[in-house]
Amino acid sequence: MPVDSVQEFLHIGLGKNAPVEDTGEDDGEGLLLAGKVLQSPDDFNGCQILPNSMVATSKIAIMVPHEGAAQREAVPGQRGSDKWMEARSVYLAKSEVKLRELHESSVERLFFLINEVRGLDFGLPTLQNYGTEPFFTLASVLQRVYRDVDRTIEPLQLHRRPGIKELPVIASPPEMMLMGSRDQELIMWHKHMTEVVSETLTELNARVELLEKVIQEVNDTTQESLKGKGSAAAASRATSPGKEEWGTYFVRRTDESQCHRMMKNTEPITEILQSLLLPPNRLQLTDGEDDSNPSLRLDLMKMMILPDAWQLVSNTPLFRRNVDSMDVLNAICSSLQPMLFTQDSILIRSGTVGTRMFFLNSGAAQVVINGKPGASRKKGDFIGEIALLYATERTADIVASEPTEAFCLS
C-alpha cells in the first residue's frame, strides 16, 4: 500500500475489547550495565569505553521472556540479570567479530586502491585528453582518506602512534587553459600535482600499514590473552585488565560509522579509475558536493540511521522503495527501535491488538498457530504489519527460535 507520510503510517486505531501488546514501562535501551555510565568497575572489568563506540551508542533493548503465569510478549530484561548478561555477551561476541572483519576488509580495500592509483598514467598527454579535474579530485580525495584512516586508528591504538603529517598543499588548476596547449602554467601545475599525489600516496600507504599493524596487534593479543600464553610482550599487554578487555576491544572502542565513512570517501577514487578507461568525451565528474543530488542525499541519510535498517525497510514491499519519498523512508528508519530477543521470547502474541511490527536483522523466529509450529521467519523478513496497519487482532504467536535481532516500528 502507498504511504503518503510517516504520520499517516504510524497512526494506529486500537480496538476497545482486545488486549494491547505490553511494551513495558522501561524500554531498557542500551548495553551499559550502569545505564549511561561509560566506565563502571562492575562493567567490562572497569575497562575504558569510548563515547562513539558501539557499546556506548547502541540503543538496542534486550528482550527476555515474560515471567508471569500467562504467556505474554517479551519484555525488556533487567540490567545485570543472568538472562540479560548472557544475551549481551552473545550479541557482543558476534558484533566484535563483525567490527574486526569490517576493519580488516577496509585495510584490504585501501591497499588495493593505492596500488591501482600508483599504476595510473598522469602524464601531460593524459591531462590534455581528460582535463585537470580527475587529477585535482584525486589529490583531494586521497588527502581526505588519509585523515579518515588516522581517525580510524585513534580508538584502536595500544600505545602512542606517530603523529599525523602535514600533507602538501593542493594547488587549484590553471584557469582559461586550452587543452591542446603545453603552456608553462600547465606544465608547472602538472609537476606540482605529481609531487602532491606521490607524497600523499606514500603517507597514506604508511598510515594504512599502521592501521593494519594495530589491528593485527589487537588480534594477536586477544588470542594470546584468551589462551593464556604467547610472547612476553603480548603477555604483558594481556595481564591487565584481563580477558574481557580483549574479547570486547572493538565494540568498546571503535566507531563503526567512521569506518563506513572512510570507505564511502574512497568511492571517488574508484570513479576516477573507471573514468580514465572511457573515451575523453564521456568523462563526467561533479565539481563538489551538491546537496540537491538525490543519490548524495540518500547516502547521507543511510549514514545517519541504524546499520542495516535502510536496507531492510527499503526492500519491504509495504514501502515501495522506488515510489515513496526518501524523506518518508528515512523518517521510518529513524523511528526504528533495535531489539535483541533471547531464545523462546515471544515477539508477537495472538489475540492482542497490534501496535508494533518487526524487521528481522539476524536470527530466526517461528510462527505458532494454536500451539502448532508453522512457517519460519529469517533475516530480511518482516512480521506484524497487518495488525499494525488495520488494528486487528494478532492471529498467531511469533517466537524467537534463537537469539534474534530485530528493528521494531511502533
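This report walks through the main elements of a predicted model of a protein chain.

## Overview

The protein chain holds 15 helices and ten strands. It has 410 residues, and buried residues make up 45% of them. Contacts between parts of the chain that lie well separated in sequence also stand out. Among contacts with a separation of 6 or more, 78% link residues 24 or more positions apart.

## The six-stranded sheet

One open sheet has six strands. Their order is β2-β1-β3-β10-β5-β8, and the pairing is mixed. The edges are β2 (75-76) and β8 (382-383), each of which pairs on one side only.

Start with β1 (61-64). On one side is β3, which runs parallel to β1 and is joined to β1 by three bridges. Ala-61 has Met-339 as its bridge partner in β3. β1 also pairs with β2, but here the two strands run antiparallel, with two bridges. In that pair, Met-63 is bridged to Pro-76 of β2.

Next comes the pairing of β3 (residues 337-341) with β10 (residues 404-409). These two strands are antiparallel and share five bridges. Leu-340 has its bridge partner, Glu-405, in β10.

## Both faces of β1

In a regular strand the side chains alternate between the two faces of the sheet. Strand β1 is covered on both faces. Ala-61 and Met-63 are buried on one side. Ile-62 and Val-64 are buried on the other. Two of these residues also appear in the bridges above: Ala-61 pairs with Met-339, and Met-63 with Pro-76.

## Helix α3 and its partners

Helix α3 (residues 82-118) lies across three strands of the six-stranded sheet: β1, β3 and β10. The helix runs at about 125° to β1.

Two packed helices are described by the angle between their axes and the distance between the axes. For α3 and α5 (residues 133-153), the axes come within 13 Å and cross at roughly 155°. An angle over 145 degrees counts as roughly antiparallel, so α3 and α5 are roughly antiparallel to each other. Their crossing is left-handed.

Which residues make the contact between α3 and α5? From α3 come His-103, Leu-110 and Val-117. From α5 come Leu-138, Leu-142, Val-145, Val-149 and Thr-152. Six of the contact residues are nonpolar, two are polar and none is charged.

## The four-stranded sheet

A second open sheet has four strands in the order β4-β9-β6-β7. Its pairing is antiparallel. The edge strands are β4 (346-348) and β7 (372-378), and each pairs on one side only. From one strand to the next, the twist averages 35°.

At the β4 edge, two bridges join β4 to β9 (residues 397-400), and the two strands run antiparallel. Ile-346 has Val-399 as its bridge partner in β9.

## A buried loop residue

Where does Ser-53 sit? Its place is in the loop between α1 (6-10) and α2 (54-57). Is Ser-53 buried or exposed? The relative accessible area of Ser-53 is 0%, so this residue is buried; the cut-off for buried is under 20%.

Neighbours within four places in sequence are left aside here. Beyond them, Ser-53 is in contact with Val-251, Arg-252, Arg-253 and Thr-254.

Note on methods: Residues numbered from 1 in each chain as written. Predicted model: local features only at pLDDT ≥ 70, side-chain atom pairs only at ≥ 80, totals over all residues. Heavy atoms only, no water. Pairing = 2+ DSSP bridges. Contact = heavy atoms within 4.5 Å. Axes fitted to C-alpha atoms, helices over the stretch in contact; angles between N-to-C directions. Parallel < 35°, antiparallel > 145°, perpendicular 65-115°, else oblique. Left-handed = near helix turned anticlockwise from the far one by under 90°. Nonpolar A, V, L, I, M, F, W, Y, C, P; charged D, E, K, R; others polar. Buried < 20%, exposed > 50% of the residue type's maximum accessible area, 1.4 Å probe, protein only.
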